[in-house]
Amino acid sequence: MTEIRELTVGVLGGTGAQGKGLALRWAKAGLKVVIGSRDAERAEAAAGEVREQAGVGHVSGADNRGCAEQADVVLIAVPWDGHADTVASLREPLKGKVVIDCVNPLGFDKQGPFALPVPEGSAAQQAAALLPDSRVTAAFHHVSAVNLADLTIESVDNDVLVLGDDREATDLVRALAEAIPGFRGVYGGRLRNAHQVEAFTANLIAINRRYKAHAGLKITDI
């Protein structure tokens, strides 16, 4: 497996809370990061914030296509309503690359968060259908953006479920998870099981609202 320290990690949607939080933690861990956005100037502004927070210089910004082209492995952290269009537009630059989808298709109403139906089954399966030449995985759905952004929390105690059909790709993503202190990457099954992982985020949001917490997941007995 490729040594993750040699990789450049791209974060599509890196101006949002989840993407920026993961970019920050990977940058702090010494990985080279490229933040992507539809607007290159917004991406570079976010990269500047991450460089300052992490105290490093190896973070840059680019438009989404530039991010996909420069990176060796790419995290998709874009809003659900723009997921399909963004992913489909990047089929060529993402060809042959490991892609990590962390998008949660959720809706919100007066009763709280709920999972939205996805024709392909899940956001990750939609990405796989749109990126037939990429190695699509699903991971990082249940990590708190608030905790990621707070570097006074040196170790984020959280298991990261990693799903996919390519063993080498899921091992690589598990290693990327474990580059962040406190994270443990746990294989969570085939990509066809991504729906319930994405949907469970609605339960976590409800838990965190009720208990005013930033809860994640821990898997026992392994």
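Glutamine 196 counts as partly exposed in this predicted model, at 43% relative accessibility. The residue sits in helix α8, and its C-alpha atom is 19 Å from that of valine 173, a residue 23 positions away along the chain. Another member of α8 is asparagine 208, and this one is buried, with a relative accessibility of 17%. Its side chain has a partner beyond the helix: one of the polar side-chain atoms of asparagine 208 lies 3.4 Å from the backbone nitrogen of histidine 214.

The stretch that follows α8 holds lysine 212. Here the backbone does something a little unusual, as lysine 212 shows a positive phi of about 50° without being a glycine. For background, most residues other than glycine have a negative phi. Lysine 212 is out in the open, with 75% relative accessibility, so it counts as exposed.

Phenylalanine 140 makes an interesting counterpart. This residue too is not a glycine and has a positive phi, of about 70°. It belongs to the loop that runs between β8 (135-138) and α6. Its setting is a buried one, with a relative accessible area of 1%. Glycine 30, just after α1, also takes a positive phi, in this case about 100°.

Phenylalanine 140 turns up again in the inventory of internal space. The count comes to two cavities of 30 Å³ or more, and the largest of them has a volume of about 50 Å³. Around that cavity sit Phe140, His141, His142 and Val143, along with Asp159, Val160, Leu161, Val197 and Leu217. Strand β9 (residues 158-164) is the top contributor to this lining, supplying three residues.

Then there is the open space. The largest pocket has a volume of about 850 Å³ and a lining of 37 residues. Nearest its centre are Ala17, Gln18, Ala77, Val78 and Pro79. Two or more lining residues come from each of α1 (17-28), β2 (32-37), β6 (106-109), α6 (145-149) and α8 (194-211). Of these, α8 takes the largest share, with five residues.

Helix α1, one of the contributors to that pocket, has twelve residues. Its first and last C-alpha atoms are 16 Å apart, close to the 16 Å expected at 1.5 Å a residue. Most of this helix is covered, with nine of the twelve residues buried. The buried set starts with Gln18 and Gly19, picks up again at Gly21, and carries on through Leu22, Ala23, Leu24, Arg25, Trp26 and Ala27. Gln18 therefore appears in two roles: it is buried within α1, under the 20% cut-off, and it is among the residues nearest the centre of the largest pocket.

Helix α7 (residues 167-178) likewise has twelve residues, and it reaches 16 Å from its first C-alpha to its last, close to the 16 Å expected at 1.5 Å a residue. Its buried residues are Ala169, Thr170, Leu172, Val173, Ala175, Leu176 and Ala177. As general background, an α-helix has 3.6 residues a turn, so residues three or four places apart point the same way. Val173, buried here in α7, is the residue whose C-alpha atom was placed 19 Å from that of glutamine 196. At the N-terminal end, α7 is capped by aspartate 166, which has a side-chain oxygen 3.1 Å from the backbone nitrogen of glutamate 168.

On the cysteine side, the count comes to zero disulfides. The sulfur of cysteine 67 has its closest cysteine sulfur 13 Å away, in cysteine 102, which is too far for a bond, because a disulfide needs the two sulfur atoms within 2.5 Å. Cysteine 102 is likewise in no disulfide. Cysteine 67 is buried, at 0% relative accessibility, and cysteine 102 is buried as well, with a relative accessible area of 5%.

Both of these cysteines fall in a stretch annotated in UniProt. An unreviewed entry there lists residues 8-105 as "domain: Pyrroline-5-carboxylate reductase catalytic N-terminal". Across residues 8-105, the chain of the model is 41% helix and 24% strand, and the C-alpha atoms at the two ends are 27 Å apart.

Note on methods:
Residues numbered from 1 in each chain as written. Predicted model: local features only at pLDDT ≥ 70, side-chain atom pairs only at ≥ 80, totals over all residues. Heavy atoms only, no water. Helix = DSSP H or I, 4+ residues; strand = E, 2+ residues; numbered from the N terminus. Expected span 1.5 Å × (residues − 1). Buried < 20%, exposed > 50% of the residue type's maximum accessible area, 1.4 Å probe, protein only. Polar contact = N/O pair within 3.5 Å; in protein donor to acceptor, adjacent residues only side chain to side chain. UniProt positions renumbered as here; feature names shortened; annotations may be inferred. 1 Å grid on protein atoms, 1.4 Å probe; cavity = no way out; pocket = protein on both sides within 12 Å on 5 of 7 lines; lining within 4 Å. Points joined across faces, edges and corners; volume = space filled by probe spheres on them.
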